[in-house]
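Please read the points below with the coordinates open beside you. They are meant as a colleague's notes, ordered by topic.

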Amino acid sequence: MYTTSKILTKPVNEREKCFCRSIKLTFWVAKLTGALPITWKHEGGACVFHKSNIWTIWIISQTVLLSTIFFYLTDFSVLQKFYVLPILLNGITDIIYYIYLIVIILVTGLRPQRIVNVLNSISKLTMHGFFCESAIETVKFLNFSFIGFHFVLLIFNAAILTYLHYSKSFESELSASFIVAKISQNSVLFFYVYGLTLISIVIGILTCFERFSLNALQYKEIHPMKRIIASDDTQDLFIFFTYAACKSDHPCAFKLTKQPVKEILEYLRILHEEICEIMYNINDYLNPMILLHIVTEIVMLVITWYSVVIKLAFRFEDPETEVVFILNLLFAVSHSVGLFVFLRNTQKLSNIIQGYANFLMEYSTRVTAPSDQLQLRIFIQKLKQQRPFHASGIFTVDLGIAAPIFGSVEIAIHTILEKLNFRFTENKMYKTPKNVRKPPNARKICFCRSIATLLWVGKLFGTMPITWKHEGGACVYRKSNIWICWTITQCFLFLITFSWITDFQAFSQIYVLPILLNGITDMIYYIYVVLVISVFGSRAKKFVKVLNCMSRFAKYGFLCEYAIETVSYLNFAFIGFFSLVEFLNGCLLAYMQYSKSFVNNLSVSGFITKISQNSVLAFYVVGCTSTSIFIALFTCFEKFSLKVLQYKELTPIKIINPYENSHDIFMFFKYKVCKSNHPCIPELYTLSKEEILEYLRILHEDIGEILETWNEYLNPFLLIHFVLETIALIIVWYSIVMNLAYKFEDPETEIVFINNLVFAVSHSLGILIMLKNAQKLKNVVHSYSSFLVEYSARLSSPWELLQLRIFIEKLKAQRKFTASGMFEIDLGIAGPIFTNILTNVLVALQFKLPKKQ
């Protein structure tokens, strides 16, 4: 495959890290589970993989063993308990997973030759240095992380089963079949470990190939602003930990650097096709298991989440339902997270391929020879025709299917709740609701001072453990160990508050629905606040990186003083709105405490929980301020572009009005983002329009890269935040409607009603304001694209038109501001969010309350 190449790098005879050792742990687990009947040894300085007949016999034994367990240990009698629905659904899930395990072992175990060919191809890449030692070490680290997470989950599952079996709180002795079935269900998560390991290998190879290409083509950045953000290959693992896929420089072979560009491009294209062929073979090997697995997971999540919902809505006499409920909740959460992590890694693979295509598009502007352009055009066309990672050709496996998957789960549960009318025996259960210019020496306004209030609020809350000072005419931000200690203290403080002050007795008041729902929202927001503080506090490095890039833009005048002043004004406005809501909430709580109109006195836990719920509005302050900074940066860039391109309007009617940058805040107050003329750098006037357009395009890419880094910093909490806010608003609005429709005897319901009304209005406004700011950011980027399309009519040179066309294509390919890639953050999701709230409230209203309420 690779040994016939004339300009290949020399094989590495002695390597500190061997490919087989980096994945040995996963492969041994796969062999023991019967999914990988192979063996390997070292020959000629490389790992050589072979099919193993001994392990094939072990697969057959595993299949026979699982079939025996399925027929002799499965309790088929639960299928006859039609009056106890959670136990019936639990029996169905056990049977599905036993059949699934047998099929998956047979399909993977009896097709070892495909994975053997793939592993031998990867081993040859490793031997010739294309898959470097640092990338192999990263794969080993990921391999241990995935396996460790899987085993921790299994141990946690076993610990819960042991506790449920011996605890006096649960009047149920678990059978051997029940324990084996539950362990088997979570052991299926190893499919994610196995798939993630193979995908991580491909990501490592493609990252190494990117670095090798830069050295082979002797690519150098030609503009000074690019140094603001060095292109790196940083990924994150389980949100908390970041790692670099490849740290090697990948020095190019001497023979290769002496070849003409045409032959280098042809060599890189063929090498990339061979790497992609490995990816295709991995995809073919994993199919149809990917399709079978995702379909099975969707069915299981529908059944499990439905079982959880009916357990919250009904009370059952059978004590085993309590055990089933806890295990179903653990299963639903762990498998949803596993599916999301798997799709997120396949999305990373897709992004790396797209990023390489964008690099080739930019490199095409530096190539003049027709033969070189032909090779580059062939390369780009090949990349466009590349097959994505798919599930048997039915759909592409990436984050794009996450929303349809979880949406189909929600729709299926709604359909079951609305259409299927299960008849329960009344004596068995009863229904109750539950729970490049010189930096200016003196600036009137500094970037750090414009957002200092926000940063101090974030530091006090424990989400921004950073510090800053002035160096070289700019603000320099650093991670602070002292504030990290404060973050840890805040987490422990909230956990102690949650454990000792939360009124868990509210869950026993099953006849007073508003108080029960109030207790549920309290628990949700305590857990959410702890997660926000711990995750954001542990990811301060990315936040520091974004702020330092912003500071350098301000230093070189691309973020002008007037725009910085506008950001400062908006920062105070958002914080003022947040403080006003908290003050209003505190006044209402004090009034209800001392007013004679309310019989009940509020407890300490009531005060703290209500204040904590509205403190989550600080997340909207961070989101709105950050989007305002990017709006200001893009607006300044737009004005700078007009100046440097010497753009003048030809007609009095402004079809495209780039000077109009007026916005409104809270719909009442209008403001202009930027009033500066942005005088151009004198050196730029000496350049041709082609070079100016290239400079502007690269500068715009720098700004876009900062926006992507900020988006990665906020994710996945953008997704978690909107999901939890939607759930909380469903509960709160339902509680408000119930208070208006019914009269409750408990006097505390009046206090809960007023607090819920304040919560619902303030958080609904917070969602709308944040989405409106995100929509403004989207509109600013889109308007610049429209300006470039209009400006193209004034150009006649083919090279200028080429640069402009590349610029427009890059703008179209720019990644959007998203919530973990599942949906775009703009006003377009406001309708679905509030429609979802209304639909769920209407569905919940179909349940009738007992007369005792």
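The numbered points go from the whole chain to aromatic pairs, charges over rings, a surface patch and two buried positions.

1. A caution comes before anything else: this is a predicted model, and the values below should be read as computed from it. The protein has 853 residues, of which 56% count as buried, and its secondary structure comprises 27 helices and ten strands. About 38,500 Å² of the protein is exposed, and 63% of that area is supplied by carbon and sulfur atoms.

2. The count of aromatic pairs comes to 29. One of them joins W28 and W40, whose ring centres are 6.4 Å apart and whose planes stand at 65 degrees, so the pair is edge-to-face, given that planes over 60 degrees apart fall in that class. The partners come from separate elements, with W28 in helix 2 (residues 24-32) and W40 in strand 1 (residues 38-43), and the two positions lie twelve residues apart in the numbering, so that the pair links distant parts of the chain.

3. How do W28 and W40 divide between buried and partly exposed? W28 has 37% relative accessibility and therefore counts as partly exposed, whereas W40, at 17%, counts as buried, the limit for that class being under 20%.

4. A second pair is formed by Y97 and Y100, with ring centres 5.9 Å apart and planes at 85 degrees, so this pair is edge-to-face as well. Y97 and Y100 both belong to helix 4 (residues 85-109), and because they are three residues apart there, about one helical turn separates them. Both Y97 and Y100 are buried.

5. Ring pairs also join into a cluster, made up of F27, W28, W40, F49, W55, F190, Y194 and Y285. W28 thus appears in the cluster and also has K31 over the face of its ring, at 4.1 Å from the ring centre. A charge is placed over a ring elsewhere too: the charged end of K459 sits over the ring of W456, at 4.1 Å from its centre.

6. On the surface, I488, F492, L495, I496 and W500 make a nonpolar patch of about 600 Å². I488 is located in helix 17 (residues 481-501), and at 45% relative accessibility this residue counts as partly exposed.

7. Is Q490, which is also placed in helix 17, buried or exposed? Its relative accessibility is 8%, so Q490 counts as buried. When neighbours within four places in sequence are left aside, Q490 is in contact with L460, F461, G462 and I533. Helix 17 therefore carries both a partly exposed residue, I488, and a buried one, Q490.

8. The last position to examine is I122, which lies in helix 5 (residues 112-127) and is buried, with a relative accessible area of 1%. Which residues is I122 in contact with, leaving aside its neighbours within four places in sequence? They are F19, F131, I201, I205 and I278. For I278, the C-alpha atom is separated from that of I122 by 7.6 Å, although the two residues are 156 residues apart along the chain.

Key
Residues numbered from 1 in each chain as written. Predicted model: local features only at pLDDT ≥ 70, side-chain atom pairs only at ≥ 80, totals over all residues. Heavy atoms only, no water. Phe/Tyr/Trp six-rings, centres within 6.5 Å; stacked < 30°, edge-to-face > 60°. Helix = DSSP H or I, 4+ residues; strand = E, 2+ residues; numbered from the N terminus. Buried < 20%, exposed > 50% of the residue type's maximum accessible area, 1.4 Å probe, protein only. Lys NZ or Arg CZ within 6 Å of the ring centre and 35° of its normal. Patch = residues over 30% accessible without salt bridge, like charges linked within 9 Å, V, L, I, M, F, W, Y side chains within 5 Å. Areas by Shrake-Rupley, 256 points an atom, 1.4 Å probe, with all protein chains shown as cover. Salt bridge = Lys/Arg side-chain N within 4 Å of Asp/Glu carboxyl O. Contact = heavy atoms within 4.5 Å.
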